[in-house]
Amino acid sequence: MRVLVIGSGGREHALAWKLRRSPKVSKVFVAPGNGGTARDSTLTNVNITDIHALADFAQTEKAALTVVGPEAALCAGVVDEFRSRGLRIVGPTKAAAQLEGSKAFAKDFMQRHGIPTARHTTFYDAEQAHAHVAQRGAPIVVKADGLAAGKGVVVAMVAAEAHAAIDAILLGKQLGVQHNAGRACVVIEDFLHGEEASFIVLCDGKNVLPLASSQDHKRLLDGDTGPNTGGMGAYSPAPVVTPNVHARVMHEIITPAITGMARDGIAYTGFLYAGLMIDPQGQVKTLEFNVRMGDPETQPILMRLKSDLFEILMHTADGTLDKVDLQWDRRVALGVVMAASGYPMSPRKGHVINGLPADTDDTMVFHAGTVLRDGRLTTSGGRVLCVTALGDSVKTAQHTVYEAVAGILFNGAQFRRDIGSRAVKR
């Protein structure tokens, strides 16, 4: 079978890598891919990003399955286009993708269907938003309504940070937000205390299959300090997601979300990601919904997955997820992101990467912001690599990953040195 993976990040590299390991898959195309997928002789990069051209390609190459990685393509309607041609694809429709494409839509959806989340207010006017912050005080959370590649959320510990975020989102372009309907909008919500975790499921429109739990590290610097990023590292499983928390998330968040979408006339298919805040008593609230796998959560999750990903995704596309029983490696998987200097606001590109270790069954370097030119691998984006390894414990996985990170060299590389520390303390 031939498979097409849409996207160019670390998530897509991991998806393509895992799909190619299926005995049922003969070829994996990655559109457009990156330097890492270009270096892998078992994968084929395709320089196509236009939705209609991608559907043409899938038809011409007789792709049995297409998997969509990034949210932008989903929000643009790639699933609708493929399905209109009778092509098998995994992902939510454009209507369903609003859960990530619009924070305002998602918050209103959660409120309407009784899904626990922080109290929020939506603003189009900067003056009114500033007045709200002045009244509520800090800490407080400011979110851009549109897509912002994971960087449109500002957790303001002091009011001045919130006011600056409001101006950046509503009056400026510093965060690179794609505003919905051309109109800038900001969602301001109460700050929630607790520990974050990522909860990702697959849905075929009626059946729901939870994946292994994971925990992302959003802040740029050690100790969860610095600006929010798309993610600086992750590990799986997340000890904070206890069996009781898992059951609560399925009952209070995931099931109401899937049934709520159906009630609204939108069948949900594909990956659904719930960003969670878990308080010390085990109460859970929803920080956000994403309509795809997380990045960098995908990398450690797929390192632990023992089942055939191709078969799982075929069942997802065909509406038969109830026939799937997932098998997981009992070991811990941990990934550390190596980012370019200047990330997240203004990453510098074009630096040569040296010292990459050989990939093994237990250690992989997944590429994101890299490009291969004339045989030389160089940086081409903010998050450059995600070094990921399996270990019998979090500490063992940490040791393996950071040993590999120490040998990888490119100018201005920055990475956190405490990925997985919360799990070690438990």
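Helix H1 spans residues 10-20, and 10 of its 11 residues are buried, so the helix is largely enclosed by the rest of the structure. The buried positions in H1 are Gly10, Arg11, Glu12, His13, Ala14, Leu15, Ala16, Trp17, Lys18 and Leu19. I should state at once that this is a predicted model, and that every value I quote this morning is computed from it.

Let me turn to helix H10, residues 243-263. What span should we expect of this helix? With 21 residues at 1.5 Å a residue, H10 should span 30 Å; the C-alpha atoms at its ends are 28 Å apart, which agrees. The helix nevertheless has a bend of about 40 degrees, located at methionine 250. Methionine 250 is itself among the buried residues of H10, a list that also holds Val245, Val249, Ile253, Ile254, Pro256, Ala257, Ile258, Gly260 and Met261. Which elements cover these buried residues? The cover includes two helices, H6 (98-101) and H7 (103-112), together with the strands S10 (195-204), S11 (208-210), S16 (269-278) and S17 (284-290). After H10 comes glycine 265, with a positive phi near 85 degrees.

One residue of H10 deserves a separate remark, namely asparagine 244. Is asparagine 244 buried or exposed? Its relative accessibility is 51%, and the threshold for exposed is over 50%, so asparagine 244 counts as exposed. Its C-alpha atom lies 9.9 Å from that of glutamine 283, although 39 residues separate the two in sequence.

Strand S17, already named as part of the cover over H10, contains glutamate 288. This glutamate has a relative accessible area of 15%; buried means under 20%, and glutamate 288 is therefore buried. What does glutamate 288 touch, once its neighbours within four places in sequence are set aside? The contacts are Lys103, Lys143, Tyr273, Ala274 and Gly275.

I come next to internal space. Rolling a probe the size of a water molecule over the atoms shows where empty space is left. How many cavities of 30 Å³ or more are counted? The count comes to one. The largest cavity has a volume of about 60 Å³. Its lining consists of Leu202, Leu211, Phe271, Met293, Ile301, Leu302, Leu305, Leu309, Ile312, Leu326 and Trp328. The elements that contribute two or more residues to this lining are helix H11 (298-304) and helix H12 (309-318). By residue class, the lining divides into 11 nonpolar residues, no polar ones and no charged ones.

Beyond H12, in the loop between that helix and strand S18, we find lysine 323. With a relative accessible area of 62%, lysine 323 is exposed. The C-alpha atoms of lysine 323 and asparagine 207 are 9.7 Å apart, with their positions 116 residues apart along the chain.

The loop between S18 and S19 holds glycine 350. Apart from residues up to four places away in sequence, glycine 350 touches Thr378 and Thr379. How far is glycine 350 from aspartate 204? Their C-alpha atoms are separated by 41 Å, and the two residues are 146 apart along the chain.

That brings me to backbone geometry, beginning with the cis peptide bonds. Proline 344 is found in the loop between strand S18 (332-339) and strand S19 (363-367). A cis peptide bond joins this proline to tyrosine 343, with omega about 15 degrees. Another cis peptide bond joins alanine 138 and proline 139, and here omega is about 5 degrees. Proline 139 lies in the loop from helix H8 (126-136) to strand S7 (140-144).

Finally, there are positive phi values in residues other than glycine. Lysine 62 has a positive phi of about 55 degrees. Where does lysine 62 sit? Its place is the loop between helix H3 (51-60) and strand S4 (65-68). At 67% relative accessibility, lysine 62 counts as exposed. Aspartate 374, likewise not a glycine, has a positive phi near 55 degrees. This aspartate is placed in the loop between strand S20 (370-373) and strand S21 (376-379). Its relative accessible area is 83%, so aspartate 374 is exposed.

Key:
Residues numbered from 1 in each chain as written. Predicted model: local features only at pLDDT ≥ 70, side-chain atom pairs only at ≥ 80, totals over all residues. Heavy atoms only, no water. Helix = DSSP H or I, 4+ residues; strand = E, 2+ residues; numbered from the N terminus. Buried < 20%, exposed > 50% of the residue type's maximum accessible area, 1.4 Å probe, protein only. 1 Å grid on protein atoms, 1.4 Å probe; cavity = no way out; pocket = protein on both sides within 12 Å on 5 of 7 lines; lining within 4 Å. Points joined across faces, edges and corners; volume = space filled by probe spheres on them. Nonpolar A, V, L, I, M, F, W, Y, C, P; charged D, E, K, R; others polar. Expected span 1.5 Å × (residues − 1). Bend = angle between axes of the 7 residues up to and from the residue. Contact = heavy atoms within 4.5 Å.
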